[in-house]
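Student: I am new to this structure and would like a close look at a single part of it. Could you take me slowly through one sheet and what surrounds a residue within it?

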Amino acid sequence: MAAPDLALPDQSGATWRLADHRGAAALLIFYRGDW
Amino acid sequence: VASRHDDLTAAGARVVGISVDDPGRNAAMVDKLHLPFPLLADPDGEGAIKPYDVWNAEEKGGIAHPAAVLVGPDGEEAFRTVGGDFADRPTEDELLDEVRALGLDPVEQAAPTPGKPQPSDRALKVRSLVPYFLGGRFTAMALGMRLPDAEDEVARYVDEMDRWVAAVKALPRD
């Protein structure tokens, strides 16, 4: 199954795009958040 | 996962963390935990958490379920685990095994760019500890009335709680 593309701001505000990382694997760690 | 970051990049995977926290909170986390990978902000879940079907609408107005999704170099989802605790060593080993199974070349992952850390509104203020010390003091006194033999210990405990309260009150207001 194709993984949905994603483009989100990192901690510095720069956009991180999954599509920029083709050719390598990406491990997406979803977590609850520090609330 | 942070402790296994070198192994994961050696096996060909870059790591990102994703939650509803905003970039300021994530900057504070990266800074505090010296994380070797970036944290991405998805406050409403629309950017990744919902598309990846790990949205938990039941809690706190919506947060991510704890989950790991491995995306292969072809953009296909290779593996996922949902609901685990990633402090668990077996889960980390399992993730590493899954990455190694892809048989990829090692990759680099640059250290995350620092942001502007913003402490959480939920961070505990030192002054908010005072009621706990007073509660401890009161409990010790109440117990002391029932335990005459423990008079000295109760007195020491009450003194100690008084010292803590005085120490906290002597701090500048935060």
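Tutor: What follows is a walk through one sheet, one of its residues and the helix beside it. This is a predicted model, in which local features need pLDDT of at least 70 and side-chain atom pairs count only at pLDDT 80 or more, while totals for chains, interfaces and linings use all residues. Residues are numbered from 1 along each chain as its sequence is written, chains are lettered from A and ligands numbered from 1 in the order in which they are written, and side-chain values use heavy atoms, with hydrogens and water left out.

Five strands form an open sheet, with mixed pairing, in the order 2(B)-1(B)-3(A)-5(B)-6(B); here strands (E, at least two residues) and helices (H or I, at least four residues) are DSSP runs numbered from the N terminus, and two strands pair if DSSP finds at least two bridges between them. At the edges are strand 2 (39–41) and strand 6 (77–82) of chain B, each of which pairs on one side only. From one strand to the next, the twist averages 20°, where axes are lines fitted to C-alpha atoms, for helices over the stretch in contact, and angles run from 0 to 180 degrees between N-to-C directions.

Within this sheet, strand 3 (residues 25–30) of chain A and strand 1 of chain B run parallel and are joined by six bridges. As part of this pairing, A:Phe30 has B:Ile18 as its bridge partner in strand 1 of chain B. Helix 2 (residues 23–33) of chain B packs on the sheet, where the helix touches strand 1 and strand 2 of chain B, and its direction makes about 170° with that of strand 2 of chain B.

The residue to look at is B:Gly17, which is found in strand 1 (residues 13–19) of chain B. B:Gly17 counts as buried because its relative accessibility is 1%, given that buried means under 20% relative accessible area, exposed over 50% and partly exposed in between, with a 1.4 Å probe and protein chains only. Leaving aside residues up to four places away in sequence, B:Gly17 touches A:Ile29 and A:Tyr31 from chain A, together with B:Phe37, B:Pro38, B:Leu39 and B:Leu40 from chain B, contact meaning heavy atoms within 4.5 Å. B:Leu39 lies 22 residues from B:Gly17 in sequence, yet the two are 4.5 Å apart in space, C-alpha to C-alpha.
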